[in-house]
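I opened this notebook to record what I looked up in one structure. The entries cover strand pairing, a surface patch and the surroundings of a ligand.

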Amino acid sequence: MPVQRLTVREMQLADVEIRINYFHDASDEDLHTLGVDRALLPTQEAWHSFYEEDYARPIQDRVNFSLVWELDGRAVGFSSVSKIVFGKEAFMHMHILSPTERQGGLGVGFVQKSTRIYFQVLELKQLFSEPNAFNVAPNRTLQRAGFRYLFTHETTPSPINFPQVATRWVVDRRGGRANDS
Ligand SMILES: CC(C)(COP(=O)(O)OP(=O)(O)OC[C@H]1O[C@@H](n2cnc3c(N)ncnc32)[C@H](O)[C@@H]1OP(=O)(O)O)[C@@H](O)C(=O)NCCC(=O)NCCS
């Protein structure tokens, strides 16, 4: 089988519909697994306006920073960080668009590449991720990608989430496979 080329690039403003449509087109079951409440999703127009404002900010002031995951040049997923404290920390999210392309070993590689970019571009010291505790895929993926488990707690991880039990993972700037270059 030919080797598949995984590339990770910064999501441009022209690409943000990838993320917006991903959530708006998701089934109720998928949203539940993600811990997302459909009623809390901004409208597509409002979400686009949010991105227009955010992309106009200098990198130090960005509220969100997203990456596109490409397989042989085709967008197959994305990652984003929120709760960014430039020069310090941020919280990472990860998604492969098509269910048929999940569980094939892509997620770990993309997460590791994304982690390196977040550390570099946002000058982070630590990168966290806090998936729903019952969502097995990201929890396993984070561990496999070199993140360290911290704790499990009840929280509302982001404005589109409902209150839930979430697990917090971390990788430090130095150490951990996810930060190897
Ligand atoms: C999370 C996600 C990006 C991981 O990517 P992936 O390509 O599916 O993951 P991989 O194939 O690289 O698998 C990584 C590890 O997770 C495990 N895993 C992945 N999906 C799993 C699932 N549904 N159930 C159980 N284990 C799973 C794999 O077995 C592997 O662990 P192992 O190597 O110890 O066996 C992808 O599954 C996804 O997009 N899921 C839906 C969106 C989502 O839940 N995002 C998380 C929000 S924070």
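My entries on this predicted model follow, ordered by topic.

**Entry 1: the E2–E3 pair**

I began with strand E2, residues 65-71, and strand E3, residues 74-85. I found that E2 and E3 pair in the antiparallel sense, over seven bridges. To fix the register, I asked which residue of E3 stands opposite serine 66. The partner is serine 80. I then turned to the connection and noted that E2 and E3 form a hairpin, with two residues between the strands. In that turn I recorded a positive phi of about 50 degrees for aspartate 72.

**Entry 2: the E3–E4 pair**

I next followed E3 to strand E4, which spans residues 89-96. E3 and E4 pair in the antiparallel sense over seven bridges. For the register here, I noted phenylalanine 78 opposite histidine 95 in E4. E3 and E4 form a hairpin with three residues between them. I looked up the backbone of glycine 87 in this turn and found a positive phi of about 85 degrees.

**Entry 3: a nonpolar patch**

I then turned to the surface. Which residues make the nonpolar patch of about 260 Å²? I listed Tyr149, Leu150 and Phe151. Leucine 150 is found in strand E6, which I logged as residues 148-155. Is leucine 150 buried, partly exposed or exposed? Its relative accessible area is 33%; I class leucine 150 as partly exposed, because this value lies between the limits of 20% for buried and 50% for exposed.

**Entry 4: around the ligand**

I counted 19 residues around the ligand. Those that come nearest are Met94, Ile96, Gln103, Gly105 and Asn135.

I then went through contacts to oxygen atoms of the ligand. A backbone N or O atom of glycine 104 lies 3.2 Å from a ligand oxygen. For glycine 107, I recorded 2.8 Å between a polar backbone atom and an oxygen atom of the ligand. Arginine 144 places a polar side-chain atom 2.8 Å from an oxygen atom of the ligand.

How much of the ligand's accessible area does the protein cover? On its own the ligand has 920 Å², and I noted that the protein covers 79% of this. I looked up which elements give two or more residues to the shell: they are E4, helix H4 (106-121) and helix H5 (136-144). The largest share comes from H5, with six residues.

Definitions and conventions
Residues numbered from 1 in each chain as written. Predicted model: local features only at pLDDT ≥ 70, side-chain atom pairs only at ≥ 80, totals over all residues. Heavy atoms only, no water. Pairing = 2+ DSSP bridges. Helix = DSSP H or I, 4+ residues; strand = E, 2+ residues; numbered from the N terminus. Patch = residues over 30% accessible without salt bridge, like charges linked within 9 Å, V, L, I, M, F, W, Y side chains within 5 Å. Areas by Shrake-Rupley, 256 points an atom, 1.4 Å probe, with all protein chains shown as cover. Salt bridge = Lys/Arg side-chain N within 4 Å of Asp/Glu carboxyl O. Buried < 20%, exposed > 50% of the residue type's maximum accessible area, 1.4 Å probe, protein only. Near = heavy atom within 4 Å. Polar contact = N/O pair within 3.5 Å; in protein donor to acceptor, adjacent residues only side chain to side chain.
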